[in-house]
Amino acid sequence: MNYRTPALAPILDDVRGAQKMLSGVARCTPMEGSRHLTRLVGAPVHLKCENLQRTGSFKLRGAYIRIAGLSPEERAAGVVAASAGNHAQGVALASSLLGVRSTVFMPVGAPLPKVAATREYGAEVRLHGQVVDETLAAAQQYARETGAVFIHPFDHPDIIAGQGTVGLEVLEQCPEVRTILVGVGGGGLAAGIAVAVKALRPDVRIVGVQAEGAAAYPPSLAAGRPTTLDSPQTMADGIKVGRPGDVPFALVAELVDEVRTVSEDELSSALLLCLERAKLVVEPAGASPVAALLSRPESFEGPVVAVLSGGNVDPLLMQRTLRHGMAAAGRYLSLRLRLTDRPGALANLLGVLSVADANVVDVSHARTDPRLGLTEVEVELQLETKGPKHCTEVREALRDAGYQVVA
C-alpha cells in the first residue's frame, strides 16, 4: 500500500455527507474557553467537549456512518464489535438507532459501568478474554461464523469520515483557530479531523498526542509504515493501541503536522485540571491534548482548540488518577518520622502540621520494626498540601520543631 495516497481514504465531501447524516443523531458538542490554559499558552485556548457527546465520546459519529452505509443484506446479518468501552457504546447506540442487531465483545475485566451502558444502549454483550487483543480475535471469529459485519474502531473510511465531522464543527465554532490538538490511538479521529480541516484550512496546524507508553505512531512514521508495539501500557485506555490502522496511518502521515507524547504524570495532571478548572469529567485519553498543553505551553500558536475526545472513566480509575494527579502536582506529601512513644506525642505532631496548614489524610503507626528503639514509634503520614512550595514549608516546619523526617 502507498501510505501517502490510500485508495479508500475519505475526502472532504465524504465528511460533509457524514455531517448531514449525523444531523439529529450526534450532538454538535460545545466549545468552552479555558482562562487558565489561555494564560499558560499566551493565546486563546478552547476545549472541544466531545466528552459531552451522546455515549460520552466521539465514537458514535463514526459507528453510525459505518453502520448506516451497510446494505440491507449486511444489516440483516447484524454487526459485531470488540471494545473495552467507548467504541462498544458507540456501536450499540448506532445499531439501535438504525434497527440493526449488535453483538459487542468486551474483556472480562472491563469496567462494570461501561458493560452496563453498552447493554442499555441495546447490544448483546459477551465477555471474553483478559486483554483487548483476545477480545478482538473472538469478535472476528464470531463475524466469520455468523456473517455479522465486523465494525472496526478506526481502520475504515466510513469511520474516519464520521470522526471528521468533529473537524468541521471546530472550524464553524472557532474559525480563527491556528492549532488543533487531538489524542491519537489507532488514528481515526486525528485522520478524520485532518481530512476536513486541511481541505478547508491548510494553514491550521494539527498536532496528535499519544501516551508515552502506547506511542505507536512515532516509530511507525519513522519507518514509513505501521509498526506494532509489543506491550503498550498507559492509564489512557482510549488511546492504548499497539498498531496504527492502515487507512488512518496514511492520512496522519500526510496531513497531521506532528505527533507528540505525554507522560502518565502529565495525563493525571491534565485530568485533574479539567475537573477542577473546567468542571469537566474527562477520561485520561480525552485529557491528552490538555496534557500536551501543560507540557510545553509556549510551543503552540493560538488560538488553540484541544479536543476532549471522551468522558467515560471508571469511578475507581478516576479516584486513582486524581490521586496520582495531585501527587504529580505536588499536592500530596508522604512522610515517615520517628516519635517518642508517650501520651501526647502524636497530638503535638498534629499541632505542628495544623500550624503549617497541612491537611492530614491518613496516619499509620509502626511499633514492631527492629530498627526502632524501645521507646520509639514510626509514624507514616499522608498529607494534602497546596503545592511544591508548601511541601517544602511543611518539611521545614517539622525539622524546626525537632522532628527527624525519615523519608
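Begin by selecting helix H12 (residues 264-276) and helix H13 (residues 288-295) in this predicted model. Their axes come within 8 Å and cross at roughly 105°. Because the range 65 to 115 degrees counts as roughly perpendicular, H12 is roughly perpendicular to H13. To display the contact, show Glu266, Leu267, Ser269, Ala270, Leu273 and Cys274 on H12, together with Ser288, Val290, Ala291, Leu294 and Ser295 on H13. Sorted by class, this contact of H12 with H13 comprises seven nonpolar, three polar and one charged residues.

Keep H12 in view and add the open sheet of six strands, whose order is E1-E2-E10-E7-E8-E9 and whose pairing is mixed. At its edges are strand E1 (31-33) and strand E9 (258-262), each pairing on one side only. From one strand to the next, the twist averages 25°. H12 packs on this sheet, where it touches E8, E9 and E10; the direction of H12 makes about 90° with that of E9. Moving to the E1 edge, one finds E1 and E2 paired in the antiparallel sense over three bridges. Glu32 has Leu47, in E2, as its bridge partner.

Leu47 leads into the interior. Which residues touch the most other members of the largest nonpolar core? Among its 37 residues, they are Leu47, Leu181, Val290, Leu293 and Leu308. Two or more residues of this core come from each of helix H2 (35-41), strand E2 (45-49), strand E8 (205-211), H12, H13, strand E10 (304-308) and helix H14 (315-328). H12 gives the most, with six residues.

Next, centre the view on Leu181. Leaving aside residues up to four places away in sequence, Leu181 touches Val207, Val209, Pro289, Ala292, Leu293, Phe300, Val304, Val305, Ala306 and Val307. Another core, of 35 residues, lies apart from the largest nonpolar core; to locate this other core, select Val170, Val195, Ile206 and Leu251, which are among its residues.

Finally, select strand E11 (residues 332-340). In a regular strand, side chains alternate between the two faces of the sheet. The covered face of E11 carries Leu333, Leu335, Leu337 and Leu339, whereas Tyr332, Ser334, Arg336, Arg338 and Thr340 form the uncovered one.

Where are the pairing partners of E11? One is strand E13 (residues 376-384), paired with E11 in the antiparallel sense over nine bridges; there, Val379 is the bridge partner of Leu337. Strand E14 (residues 404-405) also pairs with E11 in the antiparallel sense, over two bridges, and Gln404 of E14 is the bridge partner of Arg338.

Methods:
Residues numbered from 1 in each chain as written. Predicted model: local features only at pLDDT ≥ 70, side-chain atom pairs only at ≥ 80, totals over all residues. Heavy atoms only, no water. Axes fitted to C-alpha atoms, helices over the stretch in contact; angles between N-to-C directions. Helix = DSSP H or I, 4+ residues; strand = E, 2+ residues; numbered from the N terminus. Parallel < 35°, antiparallel > 145°, perpendicular 65-115°, else oblique. Contact = heavy atoms within 4.5 Å. Nonpolar A, V, L, I, M, F, W, Y, C, P; charged D, E, K, R; others polar. Buried < 20%, exposed > 50% of the residue type's maximum accessible area, 1.4 Å probe, protein only. Pairing = 2+ DSSP bridges. Core = buried A, V, L, I, M, F, W, Y, C linked by side-chain atoms within 4.5 Å.
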